[in-house]
Amino acid sequence: MKVIILGSGSYSGTPKPLCTCENCVRARLNPMYRRTRFSIYIEGILIDPSPDLHYHLERTNKRVKHVLITHAHFDHVFGVPDLQVFKEVSFHSNELGIRTAQDLSRLAFGDIMPRGYRWEYEVLEFWKEYRIGRAKVVHFPVRHSIEVAGGFLIEINGVRIGVTGDTGPEILNDERVLELLMGVDLLISEMTKKESVPGVHLGVKDSIELAKKVNAEYTVFAHISHSNYPHEVLEKKVREAGVRGEVAKDFTIVEL
């Protein structure tokens with residue numbers, strides 16, 4: 001099974017327009033340092049259709065059957081209209097995520113879905129297990145700068161993948177979430193900032209601490225802001241912390 005980190009960046013991507021920080025300057029000079037907005041692809045499941053989704057689909061040429069949305073911030077959901085290339089898609093999220101996806105769908109199709117299309121929407125309750133395609137999925141709540149936000153535990157053929165979504169450092173003290181993610185085969189954790197912002201995002205130290213707390217077999221750190229440390233510095237910090245994992249680039253592939 002392959003997990004593809006389609007986009008490894010945060011809301012602005014890297015380079016951010018008009019920004020002259022070190023990371024943005026380097027990204028303009030060398031495409032390997034560019035970061036599009038965060039999104040993941042796992043076996044027909046798309047997590048967070050970002051505004052860069054057309055580019056992601058163009059590059060990977062993968063078919064999307066199911067869409068999971070962590071929360072309704074624009075950088076995690078504004079790619080919904082680009083999914084119109086697929087006639088059958090199911091959307092799964094909390095109530096705010098689904099409502100936003102439906103509103104964006106109307107921008108693609110209007111009020112009437114074209115003949116032959118079947119887009120379905122399912123509101124997920126936190127902590128309840130759902131069957132979505134071949135996956136077992138649990139949506140769990142996290143603290144973030146929006147009314148409702150969450151992460152996902154996804155299990156396919158016995159392989160467990162945890163996705164934090166955007167979350168503040170409060171996750172480190174959420175015993176129920178920590179227990180759910182304990183021992184996952186793959187943790188995909190946000191690492192947005194140099195330092196954590198309470199109720200908003202994880203910093204480098206706390207992202208690494210989360211990977212250690214849940215004893216993940218392998219961790220991929222993503223959702224990296226242009227204002228974070230350079231990629232090589234982040235990799236060094238992860239390596240020196242003794243965490244088995246890597247800092248994502250766009251289109252990073254993890255085989256499980």
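## The surroundings of T164

T164 touches a long list of residues beyond its sequence neighbours (those up to four places away are not counted): F140, V142, G150, G151, I171, L187, I188, S189, E190 and L210. Keep in mind as you explore that this is a predicted model.

Where along the chain does T164 lie? Look in the loop that runs between strand β10 (159–163) and helix α5 (175–181). Is T164 buried or exposed? T164 is buried, because its relative accessible area is 0%, and the cut-off for buried is under 20%. The side chain of T164 also reaches the backbone nitrogen of E190, at 3.2 Å. For another distance to try in the viewer, take K128: T164 and K128 are 36 residues apart in sequence, and 17 Å separate them in space, C-alpha to C-alpha.

## N23 in helix α1

Now turn to N23, which you will find in helix α1 (residues 22–29). With a relative accessible area of 10%, N23 is buried, since buried means under 20%.

Which residues does N23 touch, leaving out those up to four places away in sequence? They are T14, S225, H226, N228, Y229 and P230. N228 deserves a second look: its backbone oxygen lies 2.7 Å from a polar atom of the N23 side chain.

## Helix α4 and its cover

Helix α4 (residues 95–109) lets you check a bit of geometry yourself. It has 15 residues, and at 1.5 Å a residue it should span 21 Å; the end C-alpha atoms are 21 Å apart, so the two values agree. The expected span uses one less than the number of residues, which is why the multiplication works out this way.

Several residues of α4 are buried: L96, G97, I98, T100, A101, L104, S105 and F109. What covers them? The cover includes strands β4 (66–69), β5 (88–93) and β6 (118–123), along with helix α3. After α4 comes G110, with a positive phi near 85°.

## A nonpolar patch on the surface

Helix α3 (residues 74–77) appears again here, as it is the place of F74. How accessible is F74? Its relative accessibility is 35%, so F74 counts as partly exposed; that class lies between the 20% limit for buried and the 50% limit for exposed.

F74 has partners, too: together with Y11 and F78 it forms a nonpolar patch on the surface. The accessible area of Y11, F74 and F78 together is about 300 Å².

Conventions:
Residues numbered from 1 in each chain as written. Predicted model: local features only at pLDDT ≥ 70, side-chain atom pairs only at ≥ 80, totals over all residues. Heavy atoms only, no water. Helix = DSSP H or I, 4+ residues; strand = E, 2+ residues; numbered from the N terminus. Buried < 20%, exposed > 50% of the residue type's maximum accessible area, 1.4 Å probe, protein only. Contact = heavy atoms within 4.5 Å. Polar contact = N/O pair within 3.5 Å; in protein donor to acceptor, adjacent residues only side chain to side chain. Patch = residues over 30% accessible without salt bridge, like charges linked within 9 Å, V, L, I, M, F, W, Y side chains within 5 Å. Areas by Shrake-Rupley, 256 points an atom, 1.4 Å probe, with all protein chains shown as cover. Salt bridge = Lys/Arg side-chain N within 4 Å of Asp/Glu carboxyl O.
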